[in-house]
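Dear colleague,

I am passing on the structure we spoke about, together with some notes on what turned up in it. Please look through the notes with the model open beside you.

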Amino acid sequence: MRDFLLGLAFLIGGGVVIAVAQTYPTMPSLQFGPSLFPSLIGGGMVIGGLVLALTRVGQLRSALAGPRSQAASYDYRGLLISLLPCALIVFYILTSEFLGALPCMALGMLILMLIRGAKPWLAVMVSIIVAAAIYLLFSRYLLIPLPEGILLPQNLFAW
């Protein structure tokens, strides 16, 4: 039941992301504008949510048709783990201007990897390398300004 509801939540959330992205201004000289990446992410959320919800319809039917006298144990830890990526996105939005995009991305990836059971030394290495790669890709190659924050020098990757 939880997976079905999460699938519906991602389906609706992806639709909202696509709807909001379509309100972004278009650039007449480009074939694509600032709405491209949010629309792609929203489309992925819609597809993923739809697949998750549809694969759990059978379980939902059996849960609703089954005996109601049994006390169902609810997996609160699983629910919290499912909501952790959303909480980390909110953390990034609220703190990236102060801390910078690179440390916020690395910290978010580190937390997700540790929660899923990765070895600490591997989680630290991978989160730092991947966060630096994403930062360089977006800030230097795609020319998307990312917040640098006050912790890192302003010309950290200026080459």
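Helices here are DSSP runs of at least four residues, numbered from the N terminus. Please keep in mind that this is a predicted model.

With that numbering, H2 and helix H6 (120-141) each supply at least two residues of a nonpolar patch, which lies on the surface, covers about 710 Å² and is made by Phe-32, Leu-36, Phe-37, Leu-40, Leu-137, Tyr-141 and Leu-142. The helix that gives the most to the patch is H2, with 3 residues.

Two residues of H2 may be worth viewing one after the other. Leu-40, which is found in helix H2, has 54% relative accessibility and therefore counts as exposed, since the cut-off is over 50%. Ser-39 also has its place in helix H2 (residues 36-55), but its relative accessibility is 18%, so Ser-39 counts as buried, for which the limit is under 20%. The side chain of Ser-39 is joined to that of Gln-22 by a polar contact of 3.0 Å, and, leaving aside neighbours within four places in sequence, Ser-39 is in contact with Ile-18, Ala-21 and Gln-22.

Turning to the interior, the largest nonpolar core has 7 residues in all, namely Ala-101, Leu-102, Met-105, Ala-106, Ala-131, Ala-132 and Tyr-135. Helix H5 (101-115) and H6 each supply at least two residues of this core, and H5 gives the most, with 4 residues. Met-105, not counting residues up to four places away in sequence, touches Tyr-92, Ala-131, Ile-134 and Tyr-135.

With best wishes

How values were computed
Residues are numbered from 1 along each chain as its sequence is written. This is a predicted model: local features need pLDDT of at least 70, side-chain atom pairs count only at pLDDT 80 or more; totals for chains, interfaces and linings use all residues. Side-chain values use heavy atoms; hydrogens and water are left out. Buried means under 20% relative accessible area, exposed over 50%, partly exposed in between (1.4 Å probe, protein chains only). A polar contact is a pair of N or O atoms within 3.5 Å; within protein, one must be able to donate a hydrogen and the other to accept it, and residues adjacent in sequence count only if both atoms are side-chain atoms. Contact means heavy atoms within 4.5 Å. Patches are made of residues with over 30% relative accessible area and no salt bridge: like charges are joined within 9 Å, nonpolar side chains (Val, Leu, Ile, Met, Phe, Trp, Tyr) within 5 Å. Accessible areas come from the Shrake-Rupley method with a 1.4 Å probe; for residues, only the protein chains shown count as cover. A salt bridge is a side-chain nitrogen of Lys or Arg within 4 Å of a carboxyl oxygen of Asp or Glu. A nonpolar core is a set of buried Ala, Val, Leu, Ile, Met, Phe, Trp, Tyr and Cys residues joined through side-chain atoms within 4.5 Å.
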